[in-house]
Amino acid sequence: AMICYNISLNIGGMSNEVFLSAFHELIIMGPIAFILDFFIVSKLAFMCAARMVDFRNCHPFSKILAISVPSVAFMCPLMSLATILFKNAGSQFIAVWIQTTAMNFPAAFFWQLIYAGPIVRFIFRHIFRENERVQDAAVSAE
């Protein structure tokens, strides 16, 4: 979704060609996003979240917000830096990166909180339902 958003910004609007271009960029941006999130950002986001809320005694939505907000705050500038690969920034590299980050942050924030996060949690909740039952049974057996 964010790749489509950035392409739309670059070409001045949404069109069917955006989706085709997004698939080409996804080949590069997908692995970059995965590596950054898996190895760096998720750990930083969790550390920040742990400083904001007590995971044992807070509402589940507080946990979601506490992890999602720093995750977006770290990923957005990093991925905006990566989008520079597809822009002709030239000597305006820093200015284009800052502008891209500023344009991406609101979209990334609301995309994460309203769409991507809930969809991923729903999918993972259903995929790992059996694992959750095993853990619940082990806890109740103790």
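**Getting oriented: helices.** A helix here is a DSSP run of H or I that is at least four residues long, and helices are numbered from the N terminus. Keep in mind as you look around that this is a predicted model.

**View 1. Y115 and the nonpolar patch.** Let's start with Y115, which is found in helix α4. Is Y115 buried or exposed, or something in between? Y115 counts as partly exposed because its relative accessibility is 45%, and that class runs between the 20% limit for buried and the 50% limit for exposed. Y115 also belongs to a nonpolar patch on the surface. Its partners there are F110, W111, I114, I119, V120, F122, I123, F124, I127 and F128. Together, the residues of this patch have about 1100 Å² of accessible area.

**View 2. W111, another member of the patch.** W111 lies in helix α4 and is part of the nonpolar surface patch. With a relative accessible area of 35%, W111 is partly exposed. For a sense of distance, look across to C76: W111 and C76 are 35 residues apart along the chain, and their C-alpha atoms are separated by 12 Å.

**View 3. The largest pocket.** How much space lies in the largest pocket? The answer is about 1400 Å³. Its lining is made of 36 residues, and those closest to the centre are A33, D37, M75, Q112 and A116. Four elements each give two or more residues to this lining: α1 (2-11), α2 (16-52), α3 (60-83) and α4 (93-127). Of these, α2 provides the largest share, with 12 residues. By kind, the lining holds 24 nonpolar residues, 10 polar ones and two charged ones.

**View 4. M79, a buried residue.** Here we move to helix α3, where M79 has its place. M79 counts as buried because its relative accessibility is 16%, and the buried class takes in values under 20%. Now find W97 as well: M79 and W97 are 18 residues apart in sequence, while 9.7 Å lies between them in space, from C-alpha to C-alpha.

**View 5. F46, with M14 for scale.** F46 is found in helix α2. A relative accessible area of 46% makes F46 partly exposed. In this view M14 serves as the second landmark: F46 and M14 are 32 residues apart along the chain, and 35 Å separates their C-alpha atoms.

**View 6. The salt bridge between D54 and R56.** How many salt bridges does the count come to? Just one salt bridge is counted. It is formed by D54 and R56, whose closest N and O atoms are 3.5 Å apart; the cut-off for such a pair is 4 Å. D54 counts as partly exposed at 32% relative accessibility. R56, on the other hand, is exposed because its relative accessible area is 73%, and values over 50% fall in that class.

Conventions
Residues numbered from 1 in each chain as written. Predicted model: local features only at pLDDT ≥ 70, side-chain atom pairs only at ≥ 80, totals over all residues. Heavy atoms only, no water. 1 Å grid on protein atoms, 1.4 Å probe; cavity = no way out; pocket = protein on both sides within 12 Å on 5 of 7 lines; lining within 4 Å. Points joined across faces, edges and corners; volume = space filled by probe spheres on them. Nonpolar A, V, L, I, M, F, W, Y, C, P; charged D, E, K, R; others polar. Patch = residues over 30% accessible without salt bridge, like charges linked within 9 Å, V, L, I, M, F, W, Y side chains within 5 Å. Areas by Shrake-Rupley, 256 points an atom, 1.4 Å probe, with all protein chains shown as cover. Salt bridge = Lys/Arg side-chain N within 4 Å of Asp/Glu carboxyl O. Buried < 20%, exposed > 50% of the residue type's maximum accessible area, 1.4 Å probe, protein only.
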